[in-house]
Amino acid sequence: MEFGRRKDKASRPWRLSAKLLIACSVITVIGFSAICVNVMLDMRRSEEELARQTLENLASGIDSDIGRNVELYDLSLRSVANNMMAPEIKEVSKSLRQLILFDRIATARHFGAIQVFDSTGKLIVDASTLDPLPENRSGEEYFAVHRDQPNVGLFISRPMLHHGAYAIVLSRRITGDDGSFLGVVAGSIRFSYFHDLFGRLRLDPNDVITVFRRDGTVIMRTPFDLDIIGKYLGDLPGVKRVLSEPSGSYSGIATPTHSPRLYVWKDGTRPLVVLVGKPWADIYRLWRVEATRIGAIMATLAVFVLGATLFLAHEIGRRAAAEEKLEELATTDALTGLRNRRKFDAAIETEWRRAARQKRPLALLMIDADHFKSFNDTYGHQAGDEVLIGIAICISDSVHRAGDCAARYGGEEFAVLLPDLSPTEAFRVAETIRIKVEQWCGEAATTTVSIGAASMIPDVKTEWTTMIRAADEALYAAKASGRNRTVVASGTKLSLAA
């Protein structure tokens with residue numbers, strides 16, 4: 001039991017060292033992993049912010065181009081509408097009227113010819129010809145809007161087939177001086193303009209650009225899809241935000257079959273609003289590659305560090321076991337399992353100084369097997385060894401405190417060091433050992449022990465050998481008094497305690 005306690009105490013620092021090494025390695029791996037995760041999250045946020053800025057710039061550029069052309073075309077419509085109110089316009093020739101009305105209008109290959117319709121929807125002036133064919137647009141949405149809503153201003157129609165090409169019609173009301181409805185001036189911007197504009201952009205295959213009318217109607221979209229063109233999407237939460245806020249972004253899914261996208265719009269106060277979308281998968285593509293690479297490196301390093309740590313911990317354990325074995329061989333009596341003389345001398349030196357510093361008592365028991373030589377000669381050395389082992393077991397069973405030190409002092413003699421015990425307390429422990437040995441021997445009483453006990457408070461002027469001499473003298477007194485008894489040394493005098 002004593003040896004087991006010593007072994008556990010000896011191995012505990014090494015176990016602590018191995019656990020500390022593993023804990024430090026795990027904490028280090030976790031720390032570096034946390035730093036790595038934080039860096040990767042920062043990279044992710046940077047990719048997201050870069051994508052948002054790129055989409056904002058793209059949306060702003062497209063919106064500016066569309067807005068500039070719409071504004072330019074609207075100026076032409078205003079000019080025609082104002083000139084139609086001139087009194088002399090009806091008196092001049094057709095060629096002069098064409099010159100007055102359309103001399104300064106904006107022209108481009110994507111702009112349709114401007115036309116003027118009277119209050120009944122009849123075509124009266126066409127910028128492309130002096131003699132327009134009969135045409136009536138009273139049933140068109142843009143005509144009805146201007147007829148019924150005097151203050152609508154510039155009106156942009158839904159996408160429609162206009163003069164043989166898909167286009168949006170831009171129109172303005174011609175109002176008389178008295179506020180009466182005199183007709184509509186209208187022109188168109190063909191879809192070819194949007195195709196040409198979007199074709200000049202470097203877009204990824206999954207990028208989406210949608211142009212909305214102010215009411216949420218889809219005017220144009222790329223990738224081009226006729227099923228979506230002209231569709232009303234104003235009820236969708238994302239579209240509502242686009243139409244209600246000047247600029248911003250949101251994450252959403254256009255349809256259940258599409259992946260989540262980042263949608264961005266800029267300067268949504270114009271007649272047409274541009275919404276640009278990019279899949280999150282494309283935004284994070286490069287980040288995922290980099291994160292996977294860094295994660296793989298970190299995982300490899302973590303496995304290496306933990307593997308090396310476990311290997312070192314195992315080696316520490318092996319070294320601890322070897323040193324424990326050496327410690328056992330160096331400090332333990334091979335026969336009895338108690339501490340040997342060398343270990344006992346070191347222990348009493350340490351305890352003597354401690355007791356002197358703290359002014360605490362220190363007790364010592366010197367134990368000797370009675371008639372051991374004759375027993376050994378009669379029954380043999382093997383039987384003698386068994387007796388010594390039995391005595392050692394009785395001593396170990398009687399000494400339980402962590403600071404106690406039981407040792408084989410030499411031959412059939414044993415020593416027990418008992419810190420902080422008075423003479424009376426040391427006597428009790430000695431009697432416990434003596435009675436256990438007597439009971440173990442049984443009625444045959446093959447052997448017993450005599451014990452000399454000494455207890456004193458050391459001082460700096462006294463050596464610990466003084467206490468050993470006192471305990472030895474008490475042991476001699478116990479033997480001289482008939483053996484199988486305990487004698488306690490008191491000062492320089494010996495007194496029989498049992």
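Which residue in β5 is the bridge partner of leucine 161? The partner is tyrosine 166, and the tour below leads to this pair by way of the whole chain.

**Before selecting**

This is a predicted model, in which local features need pLDDT of at least 70, side-chain atom pairs count only at pLDDT 80 or more, and totals for chains, interfaces and linings use all residues. Residues are numbered from 1 along each chain as its sequence is written, and side-chain values use heavy atoms, with hydrogens and water left out.

**Whole protein**

Display the full model as a cartoon. Its secondary structure comprises twelve helices and 17 strands; helices (H or I, at least four residues) and strands (E, at least two) are DSSP runs, numbered from the N terminus. The protein is more spread out than a compact globule, because its radius of gyration is 54 Å, well over the 23 Å that the globule rule gives for 498 residues. That radius is taken over C-alpha atoms, and the rule is 2.2 Å times the number of residues to the power 0.38. Along the principal axes, the C-alpha atoms fill a box of roughly 160 × 40 × 40 Å.

Next, colour by accessibility. Buried residues make up 44% of the 498 residues, where buried means under 20% relative accessible area (1.4 Å probe, protein chains only).

**Strand β5**

Select residues 165-175, which form strand β5. Eight of these eleven residues are buried, so the strand is largely enclosed by the rest of the structure.

**Partners of β5**

Two strands pair if DSSP finds at least two bridges between them. Add residues 155-156, strand β3, which runs antiparallel to β5 and is joined to it by two bridges. Here phenylalanine 155 has serine 171 of β5 as its bridge partner.

Then add residues 160-162, strand β4, whose antiparallel pairing with β5 extends over three bridges. The opening pair, leucine 161 and tyrosine 166, belongs to this stop. β4 and β5 form a hairpin with two residues between them. In its turn, select histidine 163, which has a positive phi of about 55 degrees.

Finally, add residues 181-190, strand β6, which pairs with β5 in the antiparallel sense over nine bridges. Centre the view on leucine 170, whose bridge partner in β6 is glycine 187. β5 and β6 also form a hairpin, with five residues between them; in that turn, glycine 179 has a positive phi of about 85 degrees.

Notes. Buried means under 20% relative accessible area, exposed over 50%, partly exposed in between (1.4 Å probe, protein chains only).
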